[in-house]
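Got the viewer open? Let's take a walk through this chain, one selection at a time.

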Amino acid sequence: APEAAAPASEATPAMGTEPTAEDSGKDGDPQETALQLVEKTRDLASDAVEYMLSCVDPTVAVIGAKLWYPDGTLQHGGGYREPGSSGFGHLDHRAKVGSITAPTELEFVTLAAALIRRKAFFDVRGYDERFDCYCEDADFCLSVRQKGWKVIYQPKATGIHIESVSTSTAEKLAFIEASSKLLTEKWKWYFVKNKHNSFGTF
């Protein structure tokens, strides 16, 4: 089974105040985006933010990064969903080389390290707090995409992520089960509609 998405509940997004009318049209302005890092993401490459900012345009809500484990294998090479599945996994998990080599629009990216547009964040009222741990990022990506925004994976932006060290194995399994059930229930209509598609539509 695909590895579950990284927990966004450990994240501390610095979104600031809700954007005003004066903020509109400032695409590419770093003040229009916020960098989110979960607690155990470290060693973000010095040029990672620059690469993520290169993907900013008026249609993009989220720009995710390529994340490695400390042992040099991939933790997140982009997100994917098998046709017929009701959840997401990490592409190229534990591989040595990622298969996506250029910025690509996806259904989902992990928010363990991501650039998020402030306007899009407030457009969907942030995270659904019913998710205690795990799947918040998948839910958020679906929510912004439903509003018409794009989710982009930028493989040239890289960092290291020490996954799940803040939860025990038993806690992790319990969180994944509960969050996966909630994600499936909330987005059942989407998964059913797109059961034959690897990239869903709304």
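Which residues line the largest cavity? Select T33, V56, V60, A61, I63, L115, I116 and R117, and you have the lining of that cavity.

Before going on, a word on what you are looking at. This is a predicted model, where local features need pLDDT of at least 70 and side-chain atom pairs count only at pLDDT 80 or more, while totals for chains, interfaces and linings use all residues. Residues are numbered from 1 along each chain as its sequence is written, and side-chain values use heavy atoms, with hydrogens and water left out.

**Stop 1: the cavity**

Stay with that selection. A cavity here is a set of points, on a 1 Å grid over the protein atoms alone, where a 1.4 Å probe fits but cannot get out; lining residues have an atom within 4 Å of a point. Grid points are joined across faces, edges and corners, and the volume is the space filled by probe spheres set on the points. The count comes to one cavity of 30 Å³ or more, and the largest holds about 30 Å³ of space. Two elements give two or more residues to its lining: β3 (60-68) and β8 (113-117). Color the lining by class and you get six nonpolar, one polar and one charged residues. For that coloring, Ala, Val, Leu, Ile, Met, Phe, Trp, Tyr, Cys and Pro are nonpolar, Asp, Glu, Lys and Arg are charged, and the others, Gly among them, are polar.

**Stop 2: the whole chain**

Zoom out and switch to cartoon. You'll find five helices and nine strands. These are DSSP runs numbered from the N terminus: helices are H or I with at least four residues, strands are E with at least two. From start to end the pattern reads β-β-α-β-β-β-β-β-β-α-α-β-α-α. Of the 202 residues in the chain, 49% are buried. Buried means under 20% relative accessible area, exposed means over 50%, and partly exposed is in between (1.4 Å probe, protein chains only).

**Stop 3: salt bridges**

Now for some charged pairs. A salt bridge is a side-chain nitrogen of Lys or Arg within 4 Å of a carboxyl oxygen of Asp or Glu, and the count comes to six.

Select E32 and R118 to begin. Their closest N and O atoms are 3.4 Å apart. E32 sits in the segment before β1 (33-37) and R118 in helix α2 (residues 118-123), so this pair ties together parts that are 86 residues apart in sequence. Both E32 and R118 are buried.

Next, pick R81 and E107, whose closest N and O atoms are 2.9 Å apart. R81 is in the loop between β5 (79-80) and β6 (89-90), E107 in the loop between β7 (104-105) and β8, and 26 residues separate them. R81 is buried at 3% relative accessible area, and E107 is buried at 4%.

Then try K186 and D139, with 2.8 Å between the closest N and O atoms. Here helix α4 (residues 169-186) holds K186 and helix α3 holds D139, 47 residues apart. K186 is partly exposed at 26%, whereas D139 is buried at 3%. Add D128 and R130 to the selection: D128, R130, D139 and K186 are linked in a network of salt bridges.

**Stop 4: a charge without a partner**

Where is E136? Look in helix α3 (residues 136-146). E136 is buried yet has no salt bridge, and the nearest side chain of opposite charge, K186, is 11 Å away. (Lys and Arg count as positive, Asp and Glu as negative; His and the chain ends are not counted.) Show the backbone of Y134 too: its nitrogen lies 2.8 Å from a polar atom of the E136 side chain.

**Stop 5: two backbone oddities**

Go to the loop between α2 and α3, where you'll find R125 and C135. R125 is not a glycine, but has a positive phi of about 60°. C135, also not a glycine, has a positive phi of about 75°. Buried or exposed? R125 counts as exposed at 76% relative accessibility, while C135 counts as buried at 8%.

**Last stop: toward the end of the chain**

Select K193 in helix α5. K193 is partly exposed at 42%, and its C-alpha lies 9.5 Å from that of G84, 109 residues apart along the chain. Finish at F202, in the segment after α5 (188-193). F202 is partly exposed at 33%, and 8.2 Å separates its C-alpha from that of R145, 57 residues apart along the chain.

Terms used. On a 1 Å grid over the protein atoms alone, a cavity is a set of points where a 1.4 Å probe fits but cannot get out, and a pocket is an open set with protein on both sides within 12 Å along at least five of seven lines; lining residues have an atom within 4 Å of a point. A polar contact is a pair of N or O atoms within 3.5 Å; within protein, one must be able to donate a hydrogen and the other to accept it, and residues adjacent in sequence count only if both atoms are side-chain atoms.
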